[in-house]
Amino acid sequence: WLLIFFFLFFSFLFSFLPQLLPLLHLMKVMILNVCMCLAGWHIILIPPLGNKNGVCNAPTNLLQNKCAYIGVNIGTDLSDMPHPTQVVALLKVQQIRHIRLYDADPGMLIALANSGIKVIITIPNDQLLGIGQSNSTAANWVKRNVIAHYPATTITAISVGSEVLTSLSNAAPVLVSAIKNVHSALLSANLDRLIKVSTPLSTSLILDPFPPSQAFFNRSLNPVIVPLLSFLQSTNSYLMINVYPYYDYMQSNGVIPLDYALFKPIPPNKEAVDANTLVHYSNAFDAMVDATYFAMAFLNFTNIPVLVTESGWPSKGETNEPDATLDNANTYNSNLIRHVLNKTGTPKRPGIAVSTYIYELYNEDTKAGSLSEKSWGLFNANGDPVYVLRLTNSGSILANDTTNQTYCTAREGADPKMLQAALDWACGPGKIDCSPIKQGEACYEPDNVIAHANYAFDTYYHQTGNNPEACNFNGVASVTTTDPSHGLCVFSGSRGNGKNGTSVNITAPSANSTSSGVGSDDLYYSRGMWSILTVILNLVAFL
């Protein structure tokens with residue numbers, strides 16, 4: 001008790017030193033762990049990674065941002081477009097937290113309210129002239145499509161048109177005016193620091209893209225591009241760029257290898273080398289992003305980050321598009337997601353986030369053009385996956401399976417102590433039946449914390465109706481489409497329990513807390529006063 005008194009005293013003292021909070025919090029956890037070891041208590045407190053909510057803080061300068069994410073574009077050229085509520089339900093199941101719309105459809109924005117999904121909305125190209133010529137038109141658009149929905153719907157950016165300079169040349173003279181008018185409307189509503197304004201450009205505007213160090217924008221468009229970049233720099237916004245290695249590969253007449261376009265491993269002697277910088281490039285995506293950085297630097301803009309607003313690979317094509325296949329689409333998008341989330345950045349900007357939006361959520365069967373133009377989607381209109389992404393070790397985004405055959409298992413490489421703490425919570429306060437992993441039961445073997453955690457995590461996940469948020473457990477669990485059942489040990493998804501969304505009465509405050517408690521099952525719990533102390537000490541540790 002004396003140790004606890006000193007711990008509480010110093011915790012109170014530390015709370016007045018917020019500038020030292022990260023270091024002091026770690027010291028508190030270390031002191032607490034020592035105290036608990038001396039007292040013989042088996043409690044694990046896990047210091048938070050990042051801030052308390054596990055959210056990566058956005059720095060003032062976006063070029064310092066190392067928090068890469070994957071988003072998805074949502075087109076609507078479908079003969080049977082799902083209702084907005086169905087779209088949002090699919091996004092939640094797939095744990096897609098960032099999307100881009102090609103309009104500002106009020107139905108979608110309403111459906112997205114309070115979902116936590118971050119959205120980029122778009123001013124369609126056919127509305128640019130009016131907005132670029134009139135401040136009041138821009139203000140009305142912002143009032144109707146932003147202010148009416150924000151902050152319930154988390155709008156993070158406004159895309160003013162899309163590839164305007166290559167698809168609607170007559171609107172080029174008013175593009176920057178339209179962007180500035182929209183920004184002024186946001187400024188009047190005090191939203192200019194919360195919602196960025198930019199416009200996606202096609203990489204076809206970048207001439208001589210390889211080697212990247214020689215890249216530059218089409219000089220005939222400098223009267224538009226220079227003021228655009230000046231605006232982006234002054235408002236701390238990003239340059240939106242659409243990157244399509246598929247088209248670069250198709251148009252290269254065999255110069256670009258398929259493996260290089262698909263992010264497949266290639267030997268060092270096959271990598272592309274920038275003769276000016278001697279930098280090696282192992283994939284076309286990084287080369288194009290770096291070409292964008294160099295093209296901006298050619299115009300003396302060196303601190304504008306890049307946001308890739310479109311990238312993907314078609315799963316079907318005409319006879320003259322033999323590489324538009326399911327396997328190649330799966331390979332490209334799976335490797336792209338891994339590459340972005342690994343936060344490796346590019347050779348020119350290593351470690352700097354290049355967040356990317358996959359093109360696209362649905363196959364658009366009514367879209368004009370060739371078969372490949374209709375076949376970029378991850379899902380069909382009915383919600384069935386076009387293919388199941390291969391995302392081992394890439395986090396819990398995009399399980400890409402809507403048949404409810406998804407499972408929640410321990411993340412590879414997770415700390416065994418953290419797994420044990422999460423397992424204890426699931427079998428105690430989580431109120432799941434852990435009897436199948438008792439000695440002599442069907443799921444006892446193999447007798448290790450990973451196997452037992454797999455069963456407990458998956459059972460909890462299915463009891464909460466396959467809610468992706470229930471499969472986290474302080475970051476040691478993730479959703480997978482691989483059935484972890486083995487022998488006589490059959491997991492919940494295999495039995496189909498998840499299909500009906502069966503739920504139980506959960507009284508614990510958080511599905512992902514690792515605070516232990518005393519449950520009816522004594523497999524993992526000792527009984528006594530320490531369960532109360534655990535709650536108190538957890539609260540103190542996170543002051």
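**Notebook: pockets, a helix and disulfides**

I looked first at the second largest pocket and found that α12 gives the most to its lining, with 3 residues. The model is a predicted one, in which local features need pLDDT of at least 70 and side-chain atom pairs count only at pLDDT 80 or more, while totals for chains, interfaces and linings use all residues. Residues are numbered from 1 along each chain as its sequence is written, and side-chain values use heavy atoms, with hydrogens and water left out.

**Entry 1: the second largest pocket**

I noted the terms before the values. On a 1 Å grid over the protein atoms alone, a pocket is an open set of points with protein on both sides within 12 Å along at least five of seven lines, a cavity is a set where a 1.4 Å probe fits but cannot get out, and lining residues have an atom within 4 Å of a point. Points are joined across faces, edges and corners, and a volume is the space filled by probe spheres set on them. Helices (H or I, at least four residues) and strands (E, at least two) are DSSP runs, numbered from the N terminus.

I recorded a volume of about 1100 Å³ for the second largest pocket. It is lined by 49 residues, and those closest to its centre are Glu163, Asn242, Tyr244, Tyr247 and Glu310. I then asked which elements each supply at least two residues of this lining. They are α3 (84–93), β3 (118–123), α10 (245–250) and α12. I sorted the lining by class and obtained 25 nonpolar, 12 polar and 12 charged residues. In this scheme Ala, Val, Leu, Ile, Met, Phe, Trp, Tyr, Cys and Pro count as nonpolar, Asp, Glu, Lys and Arg as charged, and the others, Gly among them, as polar.

**Entry 2: helix α3**

I next examined α3 for buried residues (under 20% relative accessible area; exposed is over 50%, partly exposed in between; 1.4 Å probe, protein chains only). Pro84, Val87, Val88, Leu90 and Leu91 are the buried residues of α3. Seen down the helix axis, they fall within an arc of 160°, so they line one face of α3. The arc is taken from the directions from the helix axis to the C-beta atoms. These buried residues pack against β1 (70–74), β2 (98–101) and α4 (106–111), where contact means heavy atoms within 4.5 Å. After α3 comes Gln95, whose phi is positive, near 55°.

**Entry 3: the cavity**

I counted 1 cavity of 30 Å³ or more. The largest cavity holds about 60 Å³ of space. Its lining includes Ala68, Phe285, Asp286, His339 and Lys343. Both α12 (284–298) and α13 (326–341) supply at least two residues each to this lining. By class, the lining has 6 nonpolar, 4 polar and 2 charged residues.

Helix α13 also contains Ile337. Is Ile337 buried or exposed? Ile337 is buried, because its relative accessible area is 0%. I noted that the C-alpha atom of Ile337 lies 9.6 Å from that of Leu389, which is 52 residues away along the chain.

**Entry 4: the disulfides**

A disulfide is a covalent bond between the sulfur atoms of two cysteines. For the search, the sulfur atoms had to be within 2.5 Å. I found 3 disulfides in the whole structure.

- Cys408 and Cys471 form a disulfide with sulfur atoms 2.1 Å apart. Cys408 is in strand β14 (residues 407–410) and Cys471 in the loop between α15 (449–463) and β15 (477–480), so the pair ties together parts 63 residues apart in sequence. This link is right-handed, with 90° about the S-S bond. Cys408 is buried at 0% relative accessibility, and Cys471 is buried at 1%.
- Cys427 is joined to Cys434, S to S 1.9 Å. The torsion about their S-S bond is about -85°, so this disulfide is left-handed. Both Cys427 and Cys434 are buried.
- Cys443 and Cys489 form a disulfide with sulfur atoms 1.9 Å apart. Cys443 is in the loop between α14 (416–427) and α15, and Cys489 in the loop between β15 and α16 (492–495), 46 residues apart. The link is right-handed, with 105° about the S-S bond. Cys443 is buried at 4% relative accessible area, and Cys489 is buried at 0%.

**Entry 5: the whole chain**

I closed with the chain totals. The chain has 17 helices and 15 strands. Of its 543 residues, 52% are buried. Among contacts with a separation of 6 or more, 71% are between residues 24 or more positions apart.
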